[in-house]
Each structure stands twice: as C-alpha cells, then as structure tokens.
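The following exercises are meant to be worked through with the sequence and the 3D structure in view. Try each task before reading the solution beneath it.

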Amino acid sequence: MKKIDWRELYMSMLTWREQHIKESYFVLILSFVVGMCAAVAAFVLKSIIALIQRGITSLFPVEELNYWYLALPALGITLASLFVRYVVKDDISHGVTKILYAISQRKAIIKVHNMWSSVVASAITIGFGGSVGAEAPIVLTGSAIGSNLGRAFHLDQKTLMLLVGCGAAGAIGGIFNAPIAGVAFTVEVLMLDMTMTSVAPLLISAATATMFSYLFLGKETLFHFDALVPFAFERVPLVILLGIVCGLVSLYFTRGMNRLERVFKRLQSPYKKIVVGGAMLGLLIFLFPPLYGEGYDTIAELLTGDASTTFNNSLLYAYRSEMWAVVLYLGLIVFFKIFASAATNGAGGTGGIFAPSLFVGSLTGFVMATSLNLFGFDIPSQNYAFVGMAGLMSGVMHAPLTGTFLIAELTNSYELLIPLIITSVVAYLTIILFEPHSLYAMRLAQKGELMTHHKDRAVLSMLELGNFLETDMEVVYPEMKLGELVKVISHSSRNVFPVVNKKTGVLVGIMPLDEVRNIMFRPDLYDRFSVRKLMIAVPARVNINMPMGKVMDVFEDTGAWNLPVVDDEGRYVGFVSKSKIFNSYRNVLVQFSDE
C-alpha cells in the first residue's frame, strides 16, 4: 500500500484552490467556517463553566454563610495558573489586547495554542468562582481560529487581519447571540476598518455564529427583560446623569484595574501571586457573594427590579428588604469588583472584562435609581440597571455602538433604545475627557504599538524601523585628524558621517560634509584639526526598538531628513531617512486602502 504524502496533498489542495476559487469568494467561505468554529468554542466554554458551577453551588444554603467561598476561587486560580505555566507555557491573559497587538505589530499572526488554551484556562478560572468574564477568552479563541485558518491557506496580511476580525465578530455573536454587536465590537474595539469588502465577511461570521448558537442553546436570550415602565422624555436629564455617572465609574474601573494589575506584576514569584490573589479573591467573595463568577445571575435579578437574592450567603442577609442596605451593599460591590477581577487575573487566572463591565454597569444603574428613590423620586430601578450595562461597557471599552446594540440584543428588548443610546454616548464622552484609550488599548498605546482608525498612524504601525536602516555610512572617530577624514570622504558617496567612540561604539556626534567643505582642500590644516573639534551634536537619536509613529514624531520635532539609529546602550547602528520612509509609507497606504 502506497504511503500518503500529506504535505504533497496539502500543497495540491492549495494549488487547486488558487486555480478554481477566487480569493474574494474564498474569504466568504472562510468567514462562515470561522463563525461556526467560534460558536462551537463559545458553546463548549459556557457548558464547562455551567457544569462546574452547578456542581459547586448546588450545595450552598442561601441563608447561611458559605465558608467554601474562601477556598474554591483560590483553587480555581491555582489550577488555571498551573495549566498555563506547565502546559501552555505562554502568557494568555489580556486576550483582546493580544489581538490588538497581533493586528498592530505581528501582521495578524496569533499563536496556534490560542485556539484552545484560553477556553480551558478560563473555564477552570470562572467555574470555580473567578470574578472575570468568558468573553475575552472566546474572542481571542475566535480570532486565533481566523488567523491560523488564513495562514494555513497562505493568505496575505490584509486578509489575515480581516479573518481575525471575523473570529472576534463570530465569538461575540456566538456567546451573546448578538450579531450586530459582534460587528460593532470588531470595528470599535479592534479598530478594524469597515469597507465594502470587509463588511460581508464580518456579517457572515457574526450571523453564522449566532445561528449555530441558536442550534446549540435555543433562542433564549441571556437575560429576560421587560420595560415595565416605558421611557418618558421628561426623564432624559436623569438618563444623561446616569451616563455621566457610568462614565466616571468607567474611569474608576479602567484606572483601578490598570493600577492593580501593576501591583500584581511587581510580585515576581507566581506562587506569591496565587497566595495574595487567591486570599484577596476568596475574602471578597465571602463578604460579597455576588462577586462569585461572571455575575450574570445577579444581573438577571436586578433586571426584575428585585435585589433581595443578591444578599444570599452574605452577612447582610437579614437586611435584604431594607433600601439603605441595598444601596450600601451593592455600592460596596461596585467598589470592590475591580479588586476581585484584578486578583483573579493577577494571580494567574484567565478571564476578561466584558462580564465585569456588564455586572458593574447593572449595579451602578440600580444603585443610582434606588438612591434617588430614597429622596422621593419614582424611577424604575430595573430600567436603569438595564441601561447602566450599556453605559459601563461603552465607557470601559470606548465603544458606544457595541454597548448599545449588545444590551439590546442580549435582552431582545428595543423599547429603551433611546436611553441606551443617550447613556452610551454620554458615558463615552465623559471618560474620553480623562482617558483617550480603552482599558484594552491603553497598554499598547503607552508603548506606541496601537493601530487605530487614524490611517496615518495605522500604516506607520505596520512599518518596522529595521527595514529602513542604512548602514553604508562611513564611521569616523573623534581622534581622527582632518587629513584622515578627507581620505574617508574621498571614497564615500554620502555627505554625513557618524562619529563613534572607538572602544565602545557609542555614538558621540555626526560629521556633516558641509562642516569641512571650506577647509578640506587645505593640506596645511590636515594635522591642525581633529574630528572632535569639527563634529556637531546629534539633533536627535532614534532607538532601534522605537515604533515608527514615534520615529516620525522625532523627524517632525527636529525637522531633520536623516537621523542616526542607536541600540539601547547608545551604540551606533545606522541611519534612517525620512524620504525612504515616505516612499514605503505611500506603497503600504495604497495596499492598506485598496479595496
């Protein structure tokens, strides 16, 4: 029996595809496959989480304190951390940030293990009570499927970026049954340009994932909500106020999470992180049981207008019918949620901020309405819990469209579309006064590695400084005499020369030809002047690891056309030319925009 040559078969398949299926049609086929796979991944993750949580929480008497809360979340974090450390052997946290980085710096290449590793780690983390969401891991999983499927068929970078977006849109559509929100998320959060050729694949992936999710789970929405009190236009000022409050809470959420993550990063030992994070998370969940897991059960209760079940297993169970206790209790949960989420991820767990932002948003809206009702207002608290979710998501993610349509699709309720829009926009406008980037993007923005809808910056982020390095400059040394310099000039085609320390290679200045043009033909001066006396200071140095956007900022600030490039120790590496960057920029811009 002849042995099958799988590699030859694979290459034959690629050749057949290229000859018989036009790439634009093939991308549509792949977008369907990506959407289907994303839906399957979402179903698997949700099923595992539900299975673990049912097994753990079914034995909890609601009217009594549950001391298992002190240990179970820490156990989940420990298991997830060990899985990542010894099985995956790679960092899989901050899923959406990884996608942004892949788009901005790595040509939309996401590692193969991301197609499954986040599902396993987040299922363990959340199933045992980790106070994070499953959505970011699924988005990373879907995007990884799109990236690796595109790479398997040797598609170009632009198409890979589109398939990464298809994976994200499919993931949101699959896990939330929200296809419009999936497309909006891809455009707003992943900052993928919406064009005529990209909109169809994104819609196909999102719709396919949603339909497969219906097939697996039925058409039931995640939350059931009826706007028992219709929206009245006289309440617009209060809706605007809710938007401002959501924007400010989003600012607290964003900055607080960022700072707490830095605190955990300073704990070098992974075991120390597990101990500190596990203890913090266990204590917080023991004191505030709604912090257990994603918190969707709590949201569902608040959308009915009843907060009494949020007191189950808590110290304040006896006060569950008191309005002041509701405001105090839920307000403290809003405050401590970022501590629980940061402890979960910082200690080694895996999860995202989708669910935490929805959770905090619903509590914020409910607390605000309940507080105002204590002062004589008559505000439907369930409506404000509903709208508050959109406000927090819009603020934290800087995504008002995603916030608006996700909440409407999550509940299949469009009666309150106007307050959803108002709250989302106001929350977004509030937070951008203080934070220009979302929690996802701010880590990359601080390093200048973020691709945005600003095409100049987007194209620059796709360029690498190393590709423009000019190394044909003749190096000279400070000790050289003018006569030696003239000899170097005589066989050089360039008009500027880097001056470096002969021992260390550190750049100490530059020697432009114009500085010696008037004396270079006077032999009587050849021994009188040295390069040290003739060289000039460098207007600016460019680090070899500097993002191209920052390189162009340096060119703009100095007005120079050529700048020296150095490494982290200041050693001379080469020169970079503004004109050469411009030529490449124009070529990439044409490819980037050509649809």
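**Exercise 1. The chain as a whole**

How many helices and how many strands does the secondary structure of the chain come to? Describe also how much of the chain is buried and what its accessible surface is made up of.

Solution. Bear in mind from the start that this is a predicted model. Step one is the count of elements, which gives 23 helices and five strands. Step two turns to burial: the chain has 595 residues, and 55% of them count as buried. Step three concerns the surface, where the accessible area is about 26300 Å², with 61% of it belonging to carbon and sulfur atoms. Step four looks at contacts between residues at least 6 apart in sequence, of which 76% join residues at least 24 apart.

**Exercise 2. The open sheet**

Work out the order of the strands in the open sheet of three strands, and then find how each neighbouring pair runs.

Solution. Begin with the order, which is 3-4-5, and note that the pairing is mixed. The edges are strand 3 (542-543) and strand 5 (572-577), each of which pairs on one side only. Next take the two pairings in turn. Strand 3 pairs with strand 4 (residues 562-566) in the parallel sense, over two bridges, and in this pairing Val-542 has Val-565 as its bridge partner. Strand 4 and strand 5, by contrast, run antiparallel and are joined by five bridges, with Val-566 finding its bridge partner in Tyr-572 of strand 5. These two strands form a hairpin with five residues between them, and Gly-570 in the turn has a positive phi of about 85°.

The last step asks what surrounds the sheet. Helix 22 (residues 548-558) lies across strand 3, strand 4 and strand 5, and runs at about 135° to strand 4. Strand 5 is largely enclosed by the rest of the structure, because five of its six residues are buried.

**Exercise 3. A second hairpin and its helix**

Where do the buried residues of helix 20 (residues 482-490) pack, and how are strand 1 and strand 2 joined?

Solution. First identify the buried residues of helix 20, which are Leu-482, Gly-483, Leu-485, Val-486, Val-488 and Ile-489. They pack against strand 1 (496-500), strand 2 (507-512) and helix 21 (531-534). Then consider the two strands themselves: they run antiparallel and are joined by five bridges, and Val-499 stands opposite Gly-509 in strand 2. The hairpin that they form has six residues between the strands, and Gly-505 in its turn has a positive phi of about 80°. Finally, since five of the six residues of strand 2 are buried, this strand is largely enclosed by the rest of the structure.

**Exercise 4. Helix 11 and its packing**

Compare the span of helix 11 (residues 270-287) with the expected value, and then trace what its buried residues pack against.

Solution. Helix 11 has 18 residues, and from its first C-alpha to its last it reaches 26 Å, close to the 26 Å expected at 1.5 Å a residue. Its buried residues are Ile-274, Gly-277, Gly-278, Leu-281, Gly-282, Leu-284, Ile-285 and Phe-286. The packing partners of these residues are helix 3 (72-88), helix 10 (236-265) and helix 13 (323-346).

**Exercise 5. Three residues in helices**

Is Thr-208 buried or exposed? Place Thr-208, Thr-254 and Ser-341 in their helices, and list the contacts of each beyond four places in sequence.

Solution. Thr-208 belongs to helix 9 (residues 196-217), and it counts as buried because its relative accessibility is 8%, which falls under the 20% limit. Its side chain reaches the backbone oxygen of Ile-204 at 2.6 Å, and beyond four places in sequence Thr-208 touches Phe-32, Gly-35 and Met-36.

Thr-254 is found in helix 10 and is buried, at 1% relative accessibility. Apart from neighbours within four places in sequence, Thr-254 is in contact with Val-396, Ile-431, Leu-439 and Met-442.

Ser-341 lies in helix 13 and is likewise buried, with a relative accessible area of 1%. Setting aside neighbours within four places, Ser-341 is in contact with Ser-131, Val-132, Met-257 and Pro-356. As a final step, compare sequence with space: Ser-341 and Gly-351 are 10 residues apart in sequence, and their C-alpha atoms are 8.5 Å apart.

Terms used: Residues are numbered from 1 along each chain as its sequence is written. This is a predicted model: local features need pLDDT of at least 70, side-chain atom pairs count only at pLDDT 80 or more; totals for chains, interfaces and linings use all residues. Side-chain values use heavy atoms; hydrogens and water are left out. Two strands pair if DSSP finds at least two bridges between them. Contact means heavy atoms within 4.5 Å. Axes are lines fitted to C-alpha atoms, for helices over the stretch in contact, and angles run from 0 to 180 degrees between N-to-C directions. The expected span of a helix is 1.5 Å times one less than its number of residues. Buried means under 20% relative accessible area, exposed over 50%, partly exposed in between (1.4 Å probe, protein chains only). A polar contact is a pair of N or O atoms within 3.5 Å; within protein, one must be able to donate a hydrogen and the other to accept it, and residues adjacent in sequence count only if both atoms are side-chain atoms. Accessible areas come from the Shrake-Rupley method with a 1.4 Å probe; for residues, only the protein chains shown count as cover.
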